[in-house]
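Please open the structure in a viewer and keep the sequence panel visible. The tour below proceeds by selection, from one element to the next.

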Amino acid sequence: MPYDSALPSDDALDPYSARVTQAFEAVGPAVVHILAEGPRGGTGSGVLYAPDGYLMTNSHVVSGAAHISAKLTDGRQFSAALIGNDSATDLAVLRLEGDQFPYAQLGSSANLRVGQLVVAIGNPLGFQATVTAGIVSALGRTLRSPAGRLIESVIQTDAALNPGNSGGALVDGSGRVVGINTAMIGQAQGLCFAIGIDTAIDVTMRLMRDGRVKRAVLGFAGQTIMLDARLSRGLHRINPTAVQIVEVIAGGPVDRAGLQKGDVILAVDDQTIHSIDDLHRYLTAEVVGRSLVVTVMNKNGLQRVTVTPEADG
């Protein structure tokens, strides 16, 4: 039988291959190769989501860069301006100089199901427009960001990622972006993570509007500590941990409220606080300027103190 060099049509592909191929054809042109030049320079990926050149990527790809450029799959290269950067969620927004760019359709990470087909598109190790496929391994994971905060609602997948995939697209079988690839476990196989696109869209809109994501702060440095077991039982706490103030910022909210180094925060507005991460989750932009009732334990016993958070920065 003579060799047929013609590419197979979608009808000739098995269903799995057809879905992967369609996903790449839909999103691949919108995935760019990012070059960040400077002392902390490197390479990564990004996803165009608007025809006027706006794209999402990871914060750690572009942080500290003196100059950023992006190369499209068709070979064109453009300078990129940093619109906003949020290290707490490891997301950043860039804008390319130009217009009429190919762009991806964004889906919803809230509708994902474990076992669902996903496709990762990026530029691992400098190899542009590389595709790997796998499944959603788990949902609702948390991941520590470069800033030390926990990123919520992270997608775990076994679609292979390598250095350079960061900031690229995680795509469902319908060709919609459902996540921004961000991390892998180097010592493991098939343990890769992506920031859910619902989180990415929310952060992106805030970065486009304000240039940063506003959060509330209480004006102190703290640490998660273990409580005495008997004390924890007496306070009816599920977990025997709380947050201790280790440094108070002069003139900040907790300083004005009279809290001091060594005080232990047990709850905020009657919501139990077990860790610094619990506190970070509570301190959103929505509580800036709102009086919070903070339950603390100090040398005077249990106290309920009113503290008014400020906006960070």
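Helices here are DSSP runs of H or I with at least four residues, numbered from the N terminus. The model is a predicted one.

**First stop: helix α1**

Select residues 15-27, which form helix α1, and find A26 within that helix. Is A26 buried or exposed? Its relative accessibility is 40%, and because buried means under 20% and exposed over 50%, A26 counts as partly exposed. Next, add A133 to the selection: A26 and A133 lie 107 residues apart in sequence, while their C-alpha atoms are 15 Å apart in space.

**Second stop: strand β8 and its partners**

Select residues 117-122, strand β8, where six of six residues are buried. In a regular strand, side chains alternate between the two faces of the sheet. In β8, L117, V119 and I121 point one way, whereas V118, A120 and G122 point the other way; all are buried.

Which strands pair with β8? One partner is β9, residues 130-144, joined to β8 in the antiparallel sense by six bridges. Within this pairing, V131 of β9 is the residue opposite I121. Another partner is β11, residues 169-172, which pairs with β8 over four bridges, also in the antiparallel sense. Here V171 of β11 stands opposite V119.

**Third stop: helix α3**

Select residues 197-210 to display α3. The helix has 14 residues, and at 1.5 Å a residue it should span 20 Å; the C-alpha atoms at its ends are 20 Å apart, in agreement with that expectation. An α-helix has 3.6 residues a turn, so residues three or four places apart point the same way. Colour I197, A200, V203, T204, R206 and L207, which are the buried residues of α3. These buried residues pack against β3, β5, β6, β7, β12 and β13. Just after α3 comes G211, with a positive phi near 85°.

**Fourth stop: the two largest pockets**

Select T89, L150, E152, R215 and T284, the residues nearest the centre of the largest pocket, which 21 residues line. Elements that give two or more residues to this lining are β10, α3 and α6. The volume of the largest pocket is about 490 Å³. Its lining comprises seven nonpolar, five polar and nine charged residues.

Move on to the second largest pocket, with a volume of about 210 Å³. Select V217, L218, F220, H280 and L283, which are the closest to its centre among its 13 lining residues. At least two lining residues come from each of β14, β15 and α6. The lining of this second pocket has nine nonpolar, three polar and one charged residues.

**Last stop: two backbone angles**

Most residues other than glycine have a negative phi. Select S153 in strand β10; this residue is not a glycine, yet its phi is positive, at about 55°. S153 is partly exposed, with a relative accessible area of 44%.

Finally, where is H236 found? Select the loop between α4 (229-234) and β16 (241-248), which holds H236. The phi of H236 is near 60°, again a positive value in a residue other than glycine. With a relative accessible area of 72%, H236 is exposed.

How values were computed:
Residues numbered from 1 in each chain as written. Predicted model: local features only at pLDDT ≥ 70, side-chain atom pairs only at ≥ 80, totals over all residues. Heavy atoms only, no water. Buried < 20%, exposed > 50% of the residue type's maximum accessible area, 1.4 Å probe, protein only. Pairing = 2+ DSSP bridges. 1 Å grid on protein atoms, 1.4 Å probe; cavity = no way out; pocket = protein on both sides within 12 Å on 5 of 7 lines; lining within 4 Å. Points joined across faces, edges and corners; volume = space filled by probe spheres on them. Nonpolar A, V, L, I, M, F, W, Y, C, P; charged D, E, K, R; others polar. Expected span 1.5 Å × (residues − 1). Contact = heavy atoms within 4.5 Å.
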